[in-house]
Amino acid sequence: MKITDVKVLVTAPGRNYVLVKIETDQPGLYGWGDATLNGRELAVAAALRDHLAPLLIGRDPGRIEDTWQFLFRGTYWRGGPVLMTALAGIDLALWDIKGKVAGLPVYSLLGGATRDGALAYRHCDGRDAQEIADNIRAAQAAGFKVFRAQMDVPSSRAFPDSTWMDLTTYSQPFEDEPYLRAVPAMFERLRRELGDEPQIIHDVHERLTPIQAGRLAAAVESYHPFFLEDPIRPEHKESMRLVRQSSRTPLAMGELFNHRWECLPLITEQLIDYVRVDIAHIGGISEARKIAAIAEAYHVQMAFHGPPDIAPITHAANVHVDMAIANFGVQESSKFPAEVEDVFMGAPYFEDGYLKVSAAPGLGTDVDETAAARYPYRPEEYLPTLRRADGSVQDW
Ligand code: GCO
Ligand code: MG
């Protein structure tokens with residue numbers, strides 16, 4: 001069997017996605033992958049079209065690991081979000097093909113189901129703690145058991161619903177102290193309103209220094225968060241020692257990482273409790289299962305990134321891997337723009353608190369290319385930015 005073509009589609013059904021279709025010399029046998037990198041989509045599309053896709057023509061699509069090693073190490077330049085997202089798109093498509101050839105869902109190829117579904121969490125953001133509590137109650141009524149609580153801190157304008165990270169326009173500067181006061185107060189109000197049962201996540205989103213993050217982790221410990229995510233910036237991971245020393249609040253990190261080596265100190269020193277890597281940004285399923293295996297040895301669990309800015313194909317890959325590992329923690333789920341359903345089929349489905357995938361061969365997803373063509377790339381879609389009161393750059 002041989003790869004005969006690699007197509008790269010950039011489509012924007014509600015937001016931009018970069019898709020990879022790998023075609024083979026077997027009639028009707030193809031695989032779809034997701035290579036979306038929010039705000040840098042065209043860089044990944046160019047890396048695929050101009051550099052990686054030509055290397056795949058004629059290769060055996062069944063040799064997934066060899067292809068991964070060839071594209072990661074064999075072509076010299078390695079790592080970083082652009083190349084690893086491009087590699088992920090290829091890897092997901094190859095696993096999709098392998099499942100279709102075997103007539104098995106990818107989770108079966110990975111060792112079979114270890115669970116009936118992936119415990120999911122829903123974004124329940126709001127302008128204040130009351131609105132968050134109302135959104136948590138609504139998500140509870142829908143069956144969710146785990147929730148992410150983000151509040152419109154003093155530096156950002158109101159936002160329409162649970163996509164605060166991507167749509168918030170920061171009209172005012174961010175400052176640490178108002179944020180450090182707002183989050184414990186938010187947890188206090190949520191616990192007073194909702195009691196101890198709801199499992200609540202908060203995403204710090206790389207905003208604090210290590211000692212501030214340690215202060216926040218200690219301040220919210222009594223409200224027993226499910227985890228505090230991305231407390232500090234990802235560049236110097238060992239700084240998480242300062243955060244870890246400060247409390248027993250569970251910690252999570254990883255969405256900005258691009259391979260297993262970036263996770264290592266956090267896992268091997270048990271500085272985190274959940275790995276938050278994004279399967280679309282770490283090189284795909286082949287890498288995700290290796291990270292999960294490393295983490296399992298250190299009692300660290302997986303909580304794959306699942307924002308609206310990766311395609312339903314990666315959301316399906318998330319659940320396939322969730323279904324096949326022992327150290328699953330929780331799966332981030334997202335609302336998608338309505339237009340997404342025009343283009344993508346076979347996304348994971350939600351049932352009584354859990355995300356599930358069908359037993360269809362491969363990833364179980366498909367793409368309507370005619371519909372995708374109706375949604376051209378939207379250049380205005382890019383990442384928010386944020387400044388401090390003195391005008392300096394702030395991680396948003
Ligand atoms: C999350 C993430 C997102 C990111 C977004 C960047 O935990 O879901 O922090 O909100 O900000 O995916 O493109
Ligand atoms: Mg995050």
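User: Hi! Which residues coordinate the magnesium ion (ligand 2)?

Analyst: Hi! Asp203 (OD), Glu229 (OE) and Glu255 (OE) coordinate the magnesium ion (ligand 2), at 2.0 to 2.1 Å. Donors here are N, O and S atoms within 2.8 Å of the metal (3.2 Å for Na, K and Ca), and water is not among the atoms, so sites may look incomplete. This is a predicted model, where local features need pLDDT of at least 70 and side-chain atom pairs count only at pLDDT 80 or more, while totals for chains, interfaces and linings use all residues. Residues are numbered from 1 along each chain as its sequence is written, chains are lettered from A and ligands numbered from 1 in the order in which they are written, and side-chain values use heavy atoms, with hydrogens and water left out.

User: What spacing do the donors follow along the chain?

Analyst: The donors of the magnesium ion (ligand 2) fit D-x25-E-x25-E. Asp203 and Glu255 link distant parts of the chain, 52 residues apart: Asp203 is in strand S6 (residues 199-203), and Glu255 is in the loop between strand S8 (251-253) and helix H10 (260-268). Helices (H or I, at least four residues) and strands (E, at least two) are DSSP runs, numbered from the N terminus.

User: Is Asp203 buried or exposed? And Glu255, buried or exposed?

Analyst: Asp203 is buried, because its relative accessibility is 2%. Glu255 also counts as buried, at 14%. The cut-offs are under 20% relative accessible area for buried and over 50% for exposed, with partly exposed in between (1.4 Å probe, protein chains only).

User: New topic: which residue has a positive phi of about 50°?

Analyst: That would be Gln270, which is not a glycine. Gln270 sits in the loop between H10 and strand S9 (274-275), and is partly exposed at 37% relative accessibility.

User: What about phi of His299?

Analyst: His299 has a positive phi too, near 60°, and is a residue other than glycine. For context, most residues other than glycine have a negative phi. His299 belongs to the loop between helix H11 (285-296) and strand S10 (301-302), and counts as exposed because its relative accessible area is 70%.

User: Last one: where does Trp396 lie?

Analyst: Trp396 is in the segment after strand S17 (393-394). With a relative accessible area of 16%, Trp396 is buried. Its C-alpha atom is separated by 6.0 Å from that of Thr385, with the two residues 11 apart along the chain.
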